[in-house]
Amino acid sequence: MPEELIRRNREWSERIHSKSPEYFAGLAALQKPDYFWIGCADARVPANVIAGLEPGEVFVHRNVANVFHSADLNLLSALQFAIEGLNIRKIIVCGHYGCGGVNAACKDALHGDGLVDHWIAPIRRLRQTHAEALAPLEDEASRDRLAELNVLESVARIAETPILGSAWDRGLPIEIHGMIYSLKDGKLTLLQSVSRPG
Ligand code: CO
């Protein structure tokens, strides 16, 4: 019920305000996050919570299975604003084990409604590209590895955007970090860091 959310919001707002009366005024005056987080929309992987960050500390874009589609205007706009508007220099792509989108891409049968299958097509393509490496793995290990490959793929695709190319050409010290989160123990693992190629 929305009333329940409003009630929880009021409690939260009052709790913060009573601890720190200047808290909301400070946040309202300035947005200056250090990180741009691209993650999965899964309800179990909220960026601020799992990274231990407060409101104001991370700019966030989430979609199903943290896929980077090269023509995704939503993600590209957020990426450009993160770099040019917010002066963020650390980009995090975070996937997670047990990802429903990755698991769906592991099945031969299509999901059924078309649009989700279209969305996760890049993960299916990755599965085919890496079929030889994935074949010897058990089912769960294979899905876990595909989740990692999906993160590495998104990192590579972000790195090749003209947005990053232009930023790096101007000497901006931007780093892209690929991470994976485990639902089983709540831990993040760093898979890869990319700074200016070459
Ligand atoms: Co997911």
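## Exercises on a predicted model

Asn66 sits in the loop between β2 and α4. The model is predicted, so keep that in mind as you work through these exercises.

### Exercise 1: Two residues of one loop

Find out whether Asn66 is buried or exposed, and describe its phi. Then do the same kind of survey for His69 and list its contacts beyond its sequence neighbours.

**Solution.**

- Step 1. The relative accessible area of Asn66 is 2%, so this residue is buried.
- Step 2. Its phi is near 40°, a positive value in a residue other than glycine. As background, most residues other than glycine have a negative phi.
- Step 3. His69 lies in the loop between β2 (58–63) and α4 (73–85). Its relative accessibility is 18%, and buried means under 20%, so His69 counts as buried.
- Step 4. Leaving aside neighbours within four places in sequence, His69 is in contact with His118, Trp119 and Pro122. With Trp119 there is a polar detail to spot: the side chain of His69 reaches the backbone oxygen of Trp119 at 2.9 Å.
- Step 5. For another positive phi, turn to Asn87, where the value is near 55°. Asn87 lies in the loop between α4 and β3 (90–96).

### Exercise 2: The cobalt site

Which residues coordinate the cobalt ion, and through which atoms? Work out how the donors are spaced along the chain.

**Solution.**

- Step 1. Start at the metal: Cys40 (SG), His96 (NE2) and Cys99 (SG) coordinate the cobalt ion at 2.1 to 2.3 Å.
- Step 2. Read along the chain, and the donors give the spacing C-x55-H-x2-C.
- Step 3. Cys40 in strand β1 (residues 35–40) and His96 in strand β3 are 56 residues apart, so this pair links distant parts of the chain.
- Step 4. Check accessibility: Cys40 counts as buried at 6%, and His96 counts as buried at 2%.

### Exercise 3: Aromatic pairs

How many aromatic pairs are there? Classify Trp12 with Phe24, then Phe36 with Phe59.

**Solution.**

- Step 1. The count comes to four aromatic pairs.
- Step 2. The ring centres of Trp12 and Phe24 are 5.5 Å apart and the planes stand at 70°, so the pair is edge-to-face.
- Step 3. Trp12 belongs to helix α1 (residues 2–19) and Phe24 to helix α2 (residues 23–29), so the pair ties together parts that are twelve residues apart in sequence. Both rings are on partly exposed residues: Trp12 at 32% and Phe24 at 29%.
- Step 4. Phe36 and Phe59 form a tilted pair, 5.4 Å centre to centre with 40° between the planes. Phe36 lies in strand β1 and Phe59 in strand β2, so this pair ties together parts that are 23 residues apart in sequence.
- Step 5. Phe36 is buried at 0%, and Phe59 is buried at 18%.
- Step 6. Now bring in helix α4, where Ala78 is found. Not counting residues up to four places away in sequence, Ala78 touches Phe36 and Phe59. Ala78 is itself buried, at 13%, and its C-alpha is separated by 8.7 Å from that of Phe36, 42 residues apart along the chain.
- Step 7. Finally, Trp12, Tyr23 and Phe24 form one aromatic cluster.

### Exercise 4: Salt bridges

How many salt bridges does a search of the whole structure find? Describe Glu4 with Arg7, Asp117 with Arg124 and Lys184 with Glu140.

**Solution.**

- Step 1. The search finds ten salt bridges.
- Step 2. Glu4 bridges to Arg7, with the closest N and O atoms 2.9 Å apart. Because they are three residues apart in helix α1, about one helical turn separates them. Glu4 is partly exposed at 30%, and Arg7 is partly exposed at 41%.
- Step 3. Asp117 and Arg124 meet at 3.6 Å, N to O. Here Asp117 and Arg124 are buried.
- Step 4. Lys184 and Glu140 meet at 2.6 Å, N to O. Lys184 lies in the loop between β4 (175–181) and β5 (188–194) and Glu140 in helix α9, so the bridge ties together parts that are 44 residues apart in sequence. Lys184 is exposed at 69%, whereas Glu140 is partly exposed at 39%.
- Step 5. Salt bridges with shared partners join Glu4, Arg7, Arg8 and Glu11 into one network.

Definitions and conventions: Residues numbered from 1 in each chain as written. Predicted model: local features only at pLDDT ≥ 70, side-chain atom pairs only at ≥ 80, totals over all residues. Heavy atoms only, no water. Helix = DSSP H or I, 4+ residues; strand = E, 2+ residues; numbered from the N terminus. Buried < 20%, exposed > 50% of the residue type's maximum accessible area, 1.4 Å probe, protein only. Polar contact = N/O pair within 3.5 Å; in protein donor to acceptor, adjacent residues only side chain to side chain. Contact = heavy atoms within 4.5 Å. Donors = N, O, S within 2.8 Å, 3.2 Å for Na, K, Ca; no water. Phe/Tyr/Trp six-rings, centres within 6.5 Å; stacked < 30°, edge-to-face > 60°. Salt bridge = Lys/Arg side-chain N within 4 Å of Asp/Glu carboxyl O.
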